[in-house]
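Please look over the fold below before reading on. The report moves from the whole chain to single elements.

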Amino acid sequence: MTSMTSLPGHITGQVVTPGDPDYEDARRVHNFMIDRHPAVIVRCADTRDVRAVVDHARNSGRDLAVRGGGHSVPGFGTGDGVIVADLSAMNRVLVDPERRMARVGGGATWAMVNDAAAAYGLATTGGIISTTGVAGLTLGGGIGYLARAHGLSCDNVLSAEVVLADGRITTASETEHPDLFWALRGGGGNFGVVTEFEFRLHPVGEIYGGLMLFERDDAADVLRYFRGFIADAPREYGGFPSWHLAPPQPFVPENRVGEPFLTMVSCWTGDHHAGAQVLQGFRDAAPPVGEMIAPMPYPVLNAMLDGFVPRGLQHYWKAVYVKDLTEEAIAAHLEYGPRVPTLNSAVDIYPINGACHDVAADATAFGHRDATYACVIAGMWPDPADNEANIGWARDYYAALAPHSAPGGYVNFASADDQQYVRDNYGAGYDRLTQIKRRYDPANLFHLNQNITPAS
Ligand SMILES: Cc1cc2nc3c(=O)[nH]c(=O)nc-3n(C[C@H](O)[C@H](O)[C@H](O)COP(=O)(O)OP(=O)(O)OC[C@H]3O[C@@H](n4cnc5c(N)ncnc54)[C@H](O)[C@@H]3O)c2cc1C
């Protein structure tokens, strides 16, 4: 190992090392179960800083962690003794309303994209939580409210500026390095550091949507209704069933706060009158115990659940892809969903259809377009003393659901102990991803991720 002393002179951004006042904050990521001590965190200011860190890691042999929004549940944005390329300061979002596109820095969050684009009545597919990083979410695929209308996040990438393992700075697009461009759209952070994305934007005005809570005794009816409805629902509908404990909110009857409910989380991007009719279908399936449905700007909906997942919780997640929401799968949900242990935790069943199916299965590295649903068991809780109980719930739920699911789960929802499933998780394009990995990162410099090894 070389020392870190040679590094700061090359860096425009902040270099944080143990003992610095910022170190405790800088070493941490969103999931506080991850308690690692990097050798140095470089808060990169620009692409040259990123290249300096990549060069330093390659030449020194020190492990490299790349951090965008820091939301990786396994905590891939930090590590013991590693050098961290923290891109969070590289968060500029420039919207071109004429061309309906945005240039987005590799450390931006979805809130930043949403706000910048909404000023022009535009948006693109992000996740469900607005504090999540654009980079990690997009590179793994990107599932969110707008996916049925406009495709996955990765389907909306027009190009990316990338710092490669050998230090070269390049652009990947349909016409430049198309193999790299293919791999970046679903292959995660395995191929380089994306310093800037170019995204396609879409007209998205005020949406109509929010939350409806249903009794657990009615959950089977609601899930069956959702199964039938979502198969050919209008693309303006982007929503999902979710198990939650009822929060202390005005729309929840006071004596029901803290009880488990099946929640329908809905987003309708079309005409509000038509949206009201569509959402009525859920009320006809079963009477909601409480609801908060209203017109609102898309950025408001995208931030609606942020309060449940502040930085600093403990996280342990499991993920499966589901082709058919069979009666057996519904039975597993009915058994384990109501045991959702904390206000922060959730189990979400995200549909992958609509515009996601307009893109050919082999057009990007996202290898599970034929899955009808991506289901995540997202255990999140504040107190480390509860780790065993909460991890146990997620594992038991997963064990009950997995036999009724397709092989593999969404890479962005997988935990650190899911590396054994990595081939299934990346799915159909895995062998091609391996070949591209060999071409762009033969020494596996970018290995702190759901790793595609060059050798496999
Ligand atoms: C609260 C919460 C809600 C979520 N909701 C959704 C959702 O609705 N939809 C969805 O699809 N996913 C969702 N996710 C999962 C999310 O997609 C992943 O956690 C994703 O990895 C987060 O990206 P990030 O940039 O914030 O994370 P990081 O921890 O910064 O990075 C994650 C991975 O991407 C790599 N990476 C990060 N930035 C770059 C870059 N600029 N260039 C190259 N590689 C990079 C990292 O090395 C790491 O391997 C959610 C996660 C959380 C914690």
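What share of the contacts in the protein chain with a separation of 6 or more comes from residues 24 or more positions apart? The share is 73%. Note that this is a predicted model.

**Whole chain**

The protein chain holds 13 helices and 18 strands. Of its 456 residues, 60% count as buried. Along the principal axes, the C-alpha atoms fill a box of roughly 65 × 50 × 40 Å. The radius of gyration is 21 Å. A compact globule of 456 residues would have a value near 23 Å, so the protein chain agrees with that expectation.

**An open sheet**

Four strands make up an open sheet. Their order is 1-2-4-3, and the pairing is mixed. Strand 1 and strand 3 stand at the edges. Each has a single partner strand, so one side of each lacks a neighbour in the sheet. From one strand to the next, the twist averages 20°.

Strand 3 pairs with strand 4 in the parallel sense, over four bridges. Across this pair, Arg-67 stands opposite Asp-86 of strand 4. Helix 2 lies across strand 2, strand 3 and strand 4. Helix 2 runs at about 160° to strand 4.

| Element | Residues |
|---|---|
| Strand 1 | 14-16 |
| Strand 2 | 40-43 |
| Strand 3 | 64-67 |
| Strand 4 | 83-86 |
| Helix 2 | 47-60 |

**Helix 3 and its cover**

Which residues of helix 3 are buried? Helix 3 spans residues 110-118, and Trp-110, Val-113, Asn-114 and Ala-117 are buried there. Seen down the helix axis, the buried residues fall within an arc of 100°, so they line one face of helix 3. The spacing fits a general rule: an α-helix has 3.6 residues a turn, so residues three or four places apart point the same way.

Several elements cover these buried residues. Among them are strand 5 (93-96), strand 6 (101-105) and strand 7 (122-123). Helix 4, strand 10 (193-200) and helix 9 (298-303) are also included.

**Thr-138 in helix 4**

Helix 4 covers residues 134-140 and contains Thr-138. Is Thr-138 buried or exposed? Its relative accessibility is 1%, so Thr-138 counts as buried. The Thr-138 side chain reaches the backbone oxygen of Val-134 at 2.7 Å.

Beyond neighbours within four places in sequence, Thr-138 is in contact with Trp-110, one of the buried residues of helix 3. Other contacts of Thr-138 include Ser-153, Cys-154, Val-157 and Leu-184. Gly-186, Phe-197 and Phe-199 also contact Thr-138.

Key:
Residues numbered from 1 in each chain as written. Predicted model: local features only at pLDDT ≥ 70, side-chain atom pairs only at ≥ 80, totals over all residues. Heavy atoms only, no water. Helix = DSSP H or I, 4+ residues; strand = E, 2+ residues; numbered from the N terminus. Buried < 20%, exposed > 50% of the residue type's maximum accessible area, 1.4 Å probe, protein only. Polar contact = N/O pair within 3.5 Å; in protein donor to acceptor, adjacent residues only side chain to side chain. Contact = heavy atoms within 4.5 Å. Arc of directions from axis to C-beta. Pairing = 2+ DSSP bridges. Axes fitted to C-alpha atoms, helices over the stretch in contact; angles between N-to-C directions. Rg over C-alpha atoms; globule rule 2.2 N^0.38 Å.
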